[in-house]
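This briefing sets out selected structural features of a predicted model. Please examine the sequence and the structure below, and then read the points by topic.

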Amino acid sequence: MSEIDVPESHPRYQSLLTRHRIEAGVERGITSKQGLIAEGRGEAFDYLLGERTIASADEAARAAAALLLLAERPVLSVNGNVAALVPGEMIDLAAAVGADVEVNLFNRTDERMRAIVDHLREHGADDAGVPIKGLAADGRIPGLDHERATVDADGIGSADVVLVPLEDGDRAEALSAMGKTEIVIDLNPLSRSAQTAAVPIIDNILRAVPNITEHARELSAASDEELERIVREFDPERALATAEDAIRSGDLD
Ligand code: ATP
């Protein structure tokens, strides 16, 4: 038995675990009610993908690992759903690639910001030496209204590569317009965020984050030339088209 009293062999295990974590996140003041809706939308796409990591999403995760390892100032953005679903996994990834984590909320309140920072600390951020940013709020993303534009100047504000899982389309576009290289994790290949990304990973965040970490560990000794080659050979258009085909064909084998 696991955290949800359902055996891992249950055919809907992952979806039940996800719902449980999101619900617990709302109860703890980490996830917004809007986050429940976002989760439902994601679940539908995951069902159509066969709740698996398709080959092109695995290639995208490898390209993401290479980009993060090459970055001068990589930052991983965490919102309420990400904090509820993969807090420890985000810390592991940050530690593996030497990134900072920044809490970044669509519906920003001081209370929720603090609850998420505390939650990430409980999941080992300090022990792993991963800085948690987002509370300074002294930077802005141009082109967005006040609340949604807020970032840390020395976090996302000055990052060269940002991982933005489950990001809102407007903000993903605004970050890209600032010249950031974006890695997006989103189950919907048609979402604006996925379409904007240099590296779109069309996969459930539960599978994608540990997968990027595994690739990053495998690539830790690779030369910059090798990492640059992996990034160059990745084709975002093809990754989106392949995922859309998998969803539309409904072939779950
Ligand atoms: P966009 O503006 O990018 O077109 P949106 O802002 O309308 O999209 P929302 O409903 O706000 O989309 O965000 C939820 C997004 O997150 C959806 O695209 C959904 O597929 C995705 N999503 C939800 N849960 C997960 C998950 N566990 N893993 C990956 N993606 C997810």
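Strand E2 (residues 100-103) and strand E3 run parallel and are joined by two bridges. Within this pairing, Val101 of E2 stands opposite Ile132 in E3. These two strands belong to an open sheet of six strands with parallel pairing, in the predicted model described here.

**The sheet and its pairings**

- The order of the strands across the open sheet is E3-E2-E1-E6-E7-E8.
- The edges are formed by strand E3 (132-133) and strand E8 (199-201), each of which pairs on one side only.
- E1 and E2 run parallel and are joined by four bridges; Val78 has Val103 in E2 as its bridge partner.
- Three bridges join E1 to strand E6 (residues 161-165), again in a parallel arrangement, and Pro74 has Val161 in E6 as its bridge partner.
- E6 in turn pairs with E7 over five bridges, in the parallel sense. One of the residues concerned is Leu163, whose bridge partner in E7 is Ile183.

**Burial of the strands**

- Strand E1 (residues 74-78) is mostly covered, since five of its five residues are buried.
- In a regular strand, side chains alternate between the two faces of the sheet.
- In E1, Pro74, Leu76 and Val78 point one way, whereas Val75 and Ser77 point the other way, and all of them are buried.
- Why is strand E7 (residues 181-185) described as largely enclosed by the rest of the structure? The reason is that four of the five residues of E7 are buried.

**The nonpolar cores**

- In soluble globular proteins, nonpolar side chains tend to be buried together.
- The largest nonpolar core has 51 residues, and those touching the most other members are Leu76, Ile132, Ile183, Val199, Ile201 and Ile212.
- Helix H3 (residues 55-70) gives the most to this core, with eight residues.
- A second, separate core has 13 residues, among them Val75, Val151, Ala159 and Val162.
- The two cores can be related to strand E1: Leu76 belongs to the largest core, Val75 belongs to the second, and these two residues point opposite ways from the strand.
- Which residues surround Ile201, when neighbours within four places in sequence are left aside? Ile201 is in contact with Ala57, Ala60, Ala61, Ala64, Ile183, Val184, Ile185, Asp186, Ala208 and Ile212.

**Helix packing and helix H5**

- The axes of helix H2 (residues 33-49) and helix H12 (residues 236-249) come within 7 Å and cross at roughly 80°. Because of this crossing angle, H2 is roughly perpendicular to H12.
- At this contact, Phe45, Leu48 and Leu49 in H2 meet Ala243, Ala246 and Ile247 in H12. The residues of the contact divide into six nonpolar, no polar and no charged.
- An α-helix has 3.6 residues a turn, so residues three or four places apart point the same way.
- The buried residues of helix H5 (residues 87-97) are Pro87, Gly88, Met90, Ile91, Leu93, Ala94 and Val97.
- Just after H5, Gly98 takes a positive phi of about 70°.

**Three serine residues**

- Ser56 has its place in helix H3. Is Ser56 buried or exposed? Ser56 is buried, because its relative accessible area is 11%, which falls under the 20% limit for burial.
- Leaving out residues up to four places away in sequence, Ser56 touches Ala239, Thr242 and Ala243. Ala243 is also one of the H12 residues that meet H2.
- Ser77 has its place in strand E1 and counts as buried, because its relative accessibility is 5%.
- With residues up to four places away in sequence not counted, Ser77 touches Met90, Glu102, Asn104, Ile156, Leu163, Val164 and Pro165. One of these, Met90, is among the buried residues of H5.
- Ser193 lies in helix H9 (residues 192-196) and counts as buried, because its relative accessibility is 2%.
- Apart from neighbours within four places in sequence, Ser193 is in contact with Glu167, Asp168, Gly169, Ala172, Val184 and Asp186.
- Ser193 and Glu182 are eleven residues apart along the chain, and their C-alpha atoms are separated by 9.2 Å.

Conventions. Residues numbered from 1 in each chain as written. Heavy atoms only, no water. Pairing = 2+ DSSP bridges. Axes fitted to C-alpha atoms, helices over the stretch in contact; angles between N-to-C directions. Parallel < 35°, antiparallel > 145°, perpendicular 65-115°, else oblique. Contact = heavy atoms within 4.5 Å. Nonpolar A, V, L, I, M, F, W, Y, C, P; charged D, E, K, R; others polar. Buried < 20%, exposed > 50% of the residue type's maximum accessible area, 1.4 Å probe, protein only. Core = buried A, V, L, I, M, F, W, Y, C linked by side-chain atoms within 4.5 Å.
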